[in-house]
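Please work through the exercises below with the sequence and the structure open beside you, and try each task before reading its solution.

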Number of protein chains: 2
Amino acid sequence: MGAPALRIGLLGCGNVGSQVARLLTEHAADLAARSGTGLELVGVAVRDLGRDRPGIDPALLTDDAAGLVDRSDVVVELMGGLEPARTLVLQAIRAGASVVTGNKALLAQHGPELFAAADAAGVDLHFEAAVAGAVPVVRGVRESLAGDRVLRVVGVVNGTTNFVLDRMTTHGVDLAAALAEAQELGYAEADPSSDVDGADAAAKIAILASLAFHTRVSLADVTRDGIREIRPADVAAAREQGHVVKLLAIAERVGDDAVAVRVHPALLPLDHPLAAVHGPFNAVVVEAEAAGRLMFYGAGAGGQQSASAVLGDVVAAARHRVLGGKSPSESAYADLRVAGPEEVRTRYLVRLRVDDRPGVLAQIAAGVAARGVSIETVRQSVGDGGAIALLTVVTHAASEEALAATARDLAELEPVQAVLSVLRVEGT
Amino acid sequence: MGAPALRIGLLGCGNVGSQVARLLTEHAADLAARSGTGLELVGVAVRDLGRDRPGIDPALLTDDAAGLVDRSDVVVELMGGLEPARTLVLQAIRAGASVVTGNKALLAQHGPELFAAADAAGVDLHFEAAVAGAVPVVRGVRESLAGDRVLRVVGVVNGTTNFVLDRMTTHGVDLAAALAEAQELGYAEADPSSDVDGADAAAKIAILASLAFHTRVSLADVTRDGIREIRPADVAAAREQGHVVKLLAIAERVGDDAVAVRVHPALLPLDHPLAAVHGPFNAVVVEAEAAGRLMFYGAGAGGQQSASAVLGDVVAAARHRVLGGKSPSESAYADLRVAGPEEVRTRYLVRLRVDDRPGVLAQIAAGVAARGVSIETVRQSVGDGGAIALLTVVTHAASEEALAATARDLAELEPVQAVLSVLRVEGT
């Protein structure tokens, strides 16, 4: 172990950063053995020098992030946000430092620029913690499946919405009540809109799609729909059909030349591996041509859990600096077209309130068939006083366009009082 | 992409090897893009040159494996067995070739020798396909968790026994019937003893334990118990307790200085992630100090699925040859002691047939307590004609020694007619 210790510069000292600092110290001997050299934490850049940071040597703290980058061999960026994170990461790369980041917003927005810079400089850019906390899906897609052809990536990658939908399923409460509970438990932030509206999941699937399909996919390419419209009755209807409602992030090949990337709530059959992912956990199923269906599962967030992923990346970067080599290039050589939502085919579950009289079912069936959509099942339950009925229609796969048109048509049919909800069904 | 194509030599052309050959050809362009250079299959060594091998260019076939090794940059060893595999792999390593192997027997037996040789030569030795088919758990433990401290590895890593236990659970059939069905479906070999007796799972967990704990663990260190003694009544009793029976492969830290490695059937609660692993699928849960519980899931066998893992390794080896670097050294720096079974603490489920009369329960409880073991639950059901009762006792965690002594004691108690079975309980 003759190599001099590598200088680790930590940008940001929040939930994850403080755990990274702690583990670097506590596991110094193990980390050195695995890295082939010592790892020395040379500084921690923070915005507010005045705040007390238990467990961090005050002499390490600095508010000069750029100066810290200049004296680091491996820069660990955990500040979040776009700037100054982008500028500092580019500075590190150009100076020949390796970079480990957990910043999904940065990668979803500026990934191509950062990967190109890392390639040009011949340095590592690792980001396992940016996608699903401790779950090693980035390495799985980037390396384990490097000899295969990925067909589809489907993930439950947002712990907050997963917890909320779980509570709605098991306790029958509405979204607001479940969200309030998530906030009390620390699973949701005071302003949960980035989770609830699917933005967080969209950033993660944009990163995964780029890796899996070797194509530039940015946040703006992701078709997105959050869980605000999900009502307890939707969850109950799903259960009646042997399904659960999950917020899914999906990237898939469409034809030979395109990839479609979307985030939306969907029904999943109970025996699908992702149906058993509960509470704040994350899981990603990757379907590849030869490997079949693989699943990666674990804690999707949490300071300590994400710190484990960060340190795995730090060790990989350190090994490369000691032994030579670098992380795989993220060149977008396949350059698939990003397909619009109109190119995606999916199944729908439509809930309708209708007049309860003979012939209604036939009218509904004809209305659906008129758009070239075929019906898989219809379930009818009688509502208030027998004058109305509730219909649950599940369609076979059809284009989003045909399905949207069908829903519009149904709303216009004379015996239909209301289209209660339209939800996608995945996972067959 | 100026680098000359790498010469790939394939040793063995069975189920996995033929798929590797096919994918190397079909995905040549993608593989070249990811590897940074072309991958050229220069030969396929087989024992029987006369056999027809559809899809393989006959000009590539050779029975001179040593000669093929001499003209290969990356040797893919899929012949299985100890010799000549060991000699050929060592020859390749010493000649500076990278090696990818799917040979679990070879690694479980001669891993330390091969890793030391690869380290000395500075070449890659990859073996993802040797542990759980397509499931990327080797890379997960070797790289993703390199910055963490693994506490426990628990896997369902033998598809044959998993299928058999599944059938026993869902169809109530006995072992022989379930095994016959597995053979019909091609999930079990004509001689299934290596699966049924736990030898296959033991080889896999020996490899995983070596990686996870940076310690030399060989096949002989694994305490092993197969599923031959499992009867439908055991499976039914497990279900009554909300559990399923799985053949588990477990490696765990014992105290600060030791690791215990074992394979045995055990009861798992239905909500444990491994309980939902069905049929021929494999899954491994890795519990690490910071990351918490991670799970890796996928196809545990199958030519095409394992070929995906092999090709991921080939790409990694190719990248290292083009860009520099090598796979992590498997030095056994931690060098933990391998603990004997007497050091493991576990919970037991004991099924007893007893006389159905007052005071029996108290006698049993006293018998268990006398060995310092405490009881978690007792369930009683009345058997034939009311003269006998069936007791199901679940203990709290205790040493194997105390539990074995308890089982002996119970058998001697006057009202105990028979100890029907003694099974471990895991997963709390």
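Two strands count as paired if DSSP finds at least two bridges between them. The model used throughout is a predicted one.

**Exercise 1. Strand β2 of chain A and its neighbours**

Task: Determine to which strands β2(A) is joined, and in which sense, and decide whether β2(A) is largely enclosed or not.

Solution. Begin with strand β1 (residues 6–11) of chain A, which is joined to β2(A) by 6 bridges, the two strands running parallel. One of these pairings can be located by residue, since A:L6 has A:L39 of β2(A) as its bridge partner. Next, turn to strand β3 (residues 61–62) of chain A, which pairs with β2(A) over 2 bridges, again in the parallel sense; here A:V44 has A:L61 of β3(A) as its bridge partner. Finally, consider burial, for which the cut-off is a relative accessible area under 20%. Of the 7 residues of strand β2 (residues 39–45) of chain A, 6 are buried, and the strand is therefore largely enclosed by the rest of the structure.

**Exercise 2. The open sheet of chain B**

Task: Give the order of the strands in the open sheet of chain B, and state which are the edge strands.

Solution. The sheet is formed by 6 strands in the order β3-β2-β1-β4-β5-β6, with parallel pairing. The edge strands, each of which pairs on one side only, are β3 (61–62) and β6 (125–126) of chain B. Within the sheet, strand β1 (residues 6–11) of chain B is joined to strand β4 (residues 74–77) of chain B by 4 bridges, and these strands run parallel. To find this pairing in the model, look for B:L11, whose bridge partner in β4(B) is B:E77.

**Exercise 3. An aromatic pair in chain B**

Task: Classify the pair formed by the rings of B:F163 and B:Y187, and state which parts of chain B the pair ties together.

Solution. A pair of aromatic rings is described by the distance of the centres and the angle of the planes. Over all chains the count comes to 7 aromatic pairs. In the pair of B:F163 and B:Y187, the ring centres are 5.0 Å apart and the planes stand at 65 degrees; because an angle over 60 degrees counts as edge-to-face, that is the class of this pair. B:F163 belongs to helix α8 (residues 159–171) of chain B, whereas B:Y187 is in the loop between α9 (175–184) and α10 (193–196), so the pair ties together parts that are 24 residues apart in sequence. As for accessibility, B:F163 is buried at a relative accessible area of 7%, while B:Y187, at 35%, is partly exposed.

**Exercise 4. The faces of helix α9 of chain B**

Task: Find which residues of α9(B) are buried, and establish where they lie when seen down the helix axis.

Solution. First list the buried residues of the helix, which are B:L175, B:A178, B:L179 and B:A182. Seen down the axis of α9(B), these buried residues fall within an arc of 100 degrees, and so they line one face of the helix. On the other side of α9(B), B:A176 and B:E184 are exposed. The buried residues pack against α8 and α10 of chain B. Just after the helix comes B:G186, which takes a positive phi of about 80 degrees.

**Exercise 5. Relating the two copies**

Task: Work out how chain A is related to chain B, and through which surface the copies meet.

Solution. Two copies of a chain are related by a rotation about an axis and a shift along it. Here a turn of 180 degrees with a shift of 0.0 Å along the axis lays chain A on chain B with an RMSD of 0.1 Å. The two copies are thus related as by a two-fold rotation axis. In chain A, the C-alpha nearest the axis belongs to A:G325, at 2.0 Å from it. Of the interface residues of chain A, 98% are also interface residues in chain B, so the copies meet through the same surface.

**Exercise 6. Backbone geometry in two loops of chain A**

Task: State what the peptide bond from A:E83 to A:P84 is, cis or trans, and whether A:H214 is buried or exposed.

Solution. The bond from A:E83 to A:P84 is cis, with omega near 5 degrees, and A:P84 is placed in the loop between β4 (74–77) and α4 (85–94) of chain A. A:H214, although not a glycine, has a positive phi of about 50 degrees. This residue, A:H214, is in the loop between α11 (199–213) and β8 (223–224) of chain A, and at 14% relative accessibility A:H214 counts as buried.

Notes: Residues are numbered from 1 along each chain as its sequence is written. Chains are lettered from A and ligands numbered from 1 in the order in which they are written. This is a predicted model: local features need pLDDT of at least 70, side-chain atom pairs count only at pLDDT 80 or more; totals for chains, interfaces and linings use all residues. Side-chain values use heavy atoms; hydrogens and water are left out. Buried means under 20% relative accessible area, exposed over 50%, partly exposed in between (1.4 Å probe, protein chains only). Rings of Phe, Tyr and Trp (its six-membered ring) pair if their centres lie within 6.5 Å; planes under 30 degrees apart count as stacked, over 60 as edge-to-face and the rest as tilted. The arc is that of the directions from the helix axis to the C-beta atoms. Contact means heavy atoms within 4.5 Å. Copies are superposed by least squares on the C-alpha atoms of residues with pLDDT of at least 70 in both.
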